[in-house]
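Colleague: I have a model open and want to go through one sheet and what packs on it. Can you take my questions in turn?

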Amino acid sequence: MEVTFYRAECGDAARIYFKGTDHKNHNIFIDSGFKRTFRSALENDIKEIQNNGESIDSWIISHIHEDHIGGVLAYLKSVSNGEYNNLIEAVFYNLPRRYLESNDISELSSVASINHGDQLESYLTNSNIKWYDNIVNTSNDIELFGLKIIFLSPTQKQLDSLREKYISILTPYERQESEMISSTVSREQIDYHILVDGFDLKTWKEDNSTENASSISFISEYEGINILWLADSVPSAITESLRKKGYSRVNPLICEWVKLSHHGSVGNNSVELFEMVCCKKFLISANGENKHLLPNKECLVRILRHENRNMRDHIELHFTYDNPTLRNIFCVDGKDIYDKLNFSTHFMTDNTSFLVKE
């Protein structure tokens, strides 16, 4: 199994490539970044998949924000224009609203300025792509040629809240989190000047974005190897699901990778969550140069300092970009901090693939 993390600015896009129980190669995409991410990051791999005669077995779209949904829309547009063949076999995507009239979809298809969420609904409705909807934390696990998908969020209440917000076809989807929400969860924005020991890990406020809370998050399991995909989920839903599956501080979920929620935002990654997960590699899908000024240092400190951490385990923090902003996160702490807390930082200069299972 090989996992690729794509550079999608402050967005999410990844791919799992694995040998299935049918002895064939399979591809699963998780989110897709912005529309421009298709050309800048995804296109070459999709060309390779097409040239190899393979398919995209599943594309999991976590929620409606444009930094997650844009790339797949750009790809599907290229399919409709005849540039590419459709390689997608199935899509996992929760419809954000219920259409009340049968002609709503056809009307949406003819409107050039429709929202990205409505665009995906239109593409899926008018294609032969198998579509999984109404995915919540109690949904059955999915088995894909030996790779299992175990859903952790959203809860039914969180999905219902999204659909209540967008009950009308005339209500445009939020393109991304509002400035008010970002300010609330980002703790006065840039916090890189604060020493690692200067954060009070007992105080915390969870993200209250309806859209983020509706994120499809899950564990992918392949031959005993777990990867935790958190999208932009809120941690209270994840910890609730983990507890119901028997995980706890004394019996944590063991993972090879954790893709941090919401680009390393302080409001989406709690101490309680990290205490229930045993992992040495964390992926932060953010460039540090975005209007929300993510990732937050406090989020990373929670990984390094929570009380349940085994300090003998070396932690790797992997960022999808390499720039002075990201390299400055721990600068105020001095070089000794890496030895003191037994961790290292790694910066990607291009889309990067990691061999997880030979």
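Colleague: Which residues of strand 17 lie on its covered face?

Modeller: This is a predicted model, where local features need pLDDT of at least 70, side-chain atom pairs count only at pLDDT 80 or more, and totals for chains, interfaces and linings use all residues. Numbering starts from 1 along each chain as its sequence is written, and side-chain values use heavy atoms, without hydrogens and water. Strand 17 (a DSSP run of E, at least two residues) spans 352–355, with S353 and L355 on the uncovered face. The covered face holds T352 and F354.

Colleague: Which residue of strand 17 stands opposite F5?

Modeller: Strands pair if DSSP finds at least two bridges between them. Strand 1 (residues 2–5) pairs with strand 17 in the antiparallel sense, over four bridges. Opposite F5 stands T352.

Colleague: Why is one side of strand 17 left without a neighbour in the sheet?

Modeller: The sheet is open, has seven strands and mixed pairing, and runs in the order 6-5-4-3-2-1-17. Strand 17 stands at an edge, as does strand 6 (130–132), so one side lacks a neighbour because each has a single partner strand.

Colleague: Which residue is the bridge partner of I60 in strand 5?

Modeller: Strand 4 (residues 58–60) pairs with strand 5 (residues 90–92) in the parallel sense. Two bridges join them. The partner of I60 is F92.

Colleague: What angle does helix 2 make with strand 3?

Modeller: Helix 2 (residues 66–80) packs on the sheet and touches strand 3 and strand 4. Contact means heavy atoms within 4.5 Å. Axes are lines fitted to C-alpha atoms, for helices over the stretch in contact, and angles run from 0 to 180 degrees between N-to-C directions. A helix is a DSSP run of H or I, at least four residues. The angle with strand 3 is about 125°.

How values were computed
Buried means under 20% relative accessible area, exposed over 50%, partly exposed in between (1.4 Å probe, protein chains only).
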